[in-house]
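Got the model open in your viewer? Let's walk through it one selection at a time.

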Amino acid sequence: MTRIIMHGCNGKMGQMITNLLEGDENAQIVAGVDPFDDGHNKYPVFPSIDSCVVKADVIIDFTSAKAVDKLLEFSAKNQVPVVVCTTGLSDEQIERINETSKQVAVLKSANMSLGINTLFKLLAQAAKVFNPAGFDVEIVEKHHNQKLDAPSGTALALADSIKDVLPDGYYYKYDRSQERRKRDPKEIGISAVRGGTIVGEHEVIFAGEDEVIEFKHTAYSKAVFAKGAIEAAKFLAGKPAGMYDMSDVIG
Ligand SMILES: NC(=O)c1ccc[n+]([C@@H]2O[C@H](COP(=O)([O-])OP(=O)(O)OC[C@H]3O[C@@H](n4cnc5c(N)ncnc54)[C@H](O)[C@@H]3O)[C@@H](O)[C@H]2O)c1
Ligand SMILES: O=C(O)C1=N[C@H](C(=O)O)CCC1
């Protein structure tokens, strides 16, 4: 039985995972962490990670960027592997995650779905074909009106999977409103839309002369992320220190 600490247990993702794990014979939440708690969970809830005294095999994190530094400290100090799903992290925090992974197992992924993690590989292939032919790359992401960070972590990861295979000099362009000039071919455009209850949509557009190729992923329920996070937690428990991602889980 994999014992899990749910960091951010009372948020939308924390509660989705709580509900899914109710019927799981191989994993259970042994403690939650959330500063906002009304006592409705079946497990004990602590207001901060450093006040959590329950032993566990792995932590799942869906909180906010502000909560991640303390989490990494706790994970390394107590030798509890951690699945970091929170997005909107700064470059310094990503560096801290890499440093932490030298002491304990860390899996970081901006998107836990099979579809997006497969898309990373497809996009790398597509970029190698379309870039020499002069295609422009634009990414459009859409999410619900409660989301704090923009662009989404997934949009940035999709952009990275393309930029990584392109020649040097490509850069991300988030806003063209202050400029009056033609598009620079070295731009990778990233646009964010927020509204209603959209779970998550990502479109990657390769626009060439007289033809356009579009890749699109739509998440219809947060369950797709929750199931991926649970699989990742089961995978990571007991693993040696190192940096992991969803491709290690999916294979
Ligand atoms: N990787 C993925 O597949 C994926 C999927 C969905 C959401 N996310 C990301 O996960 C994060 C959370 O998403 P959400 O929709 O559940 O948000 P949410 O706002 O509904 O929930 C966040 C929860 O974290 C709690 N929290 C805040 N500070 C905390 C702290 N210091 N310690 C413990 N808990 C704390 C909040 O009280 C809240 O209950 C966001 O960054 C989002 O972008 C990632
Ligand atoms: O609901 C969110 O918030 C999501 N955030 C992730 C991101 O920023 O990429 C993944 C999709 C859902």
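**Stop one: ligand 1**

Select ligand 1 and everything around it: by class, its shell has 10 nonpolar, 13 polar and three charged residues. Bear in mind as you click around that this is a predicted model. The shell counts 26 residues, and the closest are Gly8, Gly11, Met13, Ala67 and Cys85. Which helix gives the most to this shell? Colour residues 12-21 to see: that is helix α1, with three residues in the shell around ligand 1.

**Stop two: the seven-stranded sheet**

Now switch to cartoon and pick out the open sheet of seven strands. Reading across, the order is β3-β2-β1-β4-β5-β6-β12, and the pairing is parallel. Its edge strands are β3 (45-46) and β12 (242-244), each of which pairs on one side only.

Zoom in on β5 (residues 82-84) and β6 (residues 105-108), which pair in the parallel sense over three bridges. For a concrete pair, show Val84 and Lys108: the latter, in β6, is the bridge partner of the former. Then add helix α2 (residues 68-78), which packs on this sheet and touches β1 (2-7), β4 (58-61) and β5. The direction of α2 makes about 160° with that of β5.

To compare with a record, select residues 3-112. UniProt, in an unreviewed entry, places "domain: Dihydrodipicolinate reductase N-terminal" there. Over that range the chain is 28% helix and 23% strand, with the end C-alpha atoms 20 Å apart.

**Stop three: where the domains touch**

Next, colour by domain. Domain 1 takes in 2-108 + 223-250, while domain 2 covers 114-219. The C-alpha centres of domain 1 and domain 2 lie 28 Å apart. How many residues are in contact across the two? Seven residues of domain 1 meet seven residues of domain 2. On the domain 1 side, select helix α7 (residues 246-250): with three residues, α7 supplies the largest share of the side that touches domain 2. By class, that side of domain 1 has three nonpolar, four polar and no charged residues.

**Stop four: the five-stranded sheet**

Move on to the other sheet, an open one of five strands. Its order is β8-β9-β7-β10-β11, and here the pairing is mixed. At the edges you'll find β8 (171-173) and β11 (212-219), each pairing on one side only. Look along the sheet and you'll see neighbouring strands turned by 20° against each other on average, direction ignored.

Now isolate β7 (residues 136-143) and β10 (residues 200-207). These two pair in the antiparallel sense over seven bridges. Show Val137 and you can find its bridge partner in β10, Phe206. Bring in helix α5 (residues 153-163), which packs on the sheet and touches β7, β8, β9 (187-194) and β10. The direction of α5 makes about 160° with that of β7.

Here too there's a record to overlay: UniProt lists residues 115-250 for "domain: Dihydrodipicolinate reductase C-terminal", again in an unreviewed entry. Over residues 115-250 the chain is 34% helix and 28% strand, and the end C-alpha atoms are 11 Å apart.

**Last stop: ligand 2**

Finally, select ligand 2. Around it sit Thr87, Ala110, Asn111, His143, Lys147, Ser152, Gly153, Thr154 and Gly200. How does this shell divide by class? Colour the side chains and count: one nonpolar, seven polar and one charged.

Terms used. Residues numbered from 1 in each chain as written. Chains lettered and ligands numbered in written order. Predicted model: local features only at pLDDT ≥ 70, side-chain atom pairs only at ≥ 80, totals over all residues. Pairing = 2+ DSSP bridges. Helix = DSSP H or I, 4+ residues; strand = E, 2+ residues; numbered from the N terminus. Axes fitted to C-alpha atoms, helices over the stretch in contact; angles between N-to-C directions. Near = placed C-beta within 6 Å. Nonpolar A, V, L, I, M, F, W, Y, C, P; charged D, E, K, R; others polar. UniProt positions renumbered as here; feature names shortened; annotations may be inferred. Domains from an automatic or database assignment.
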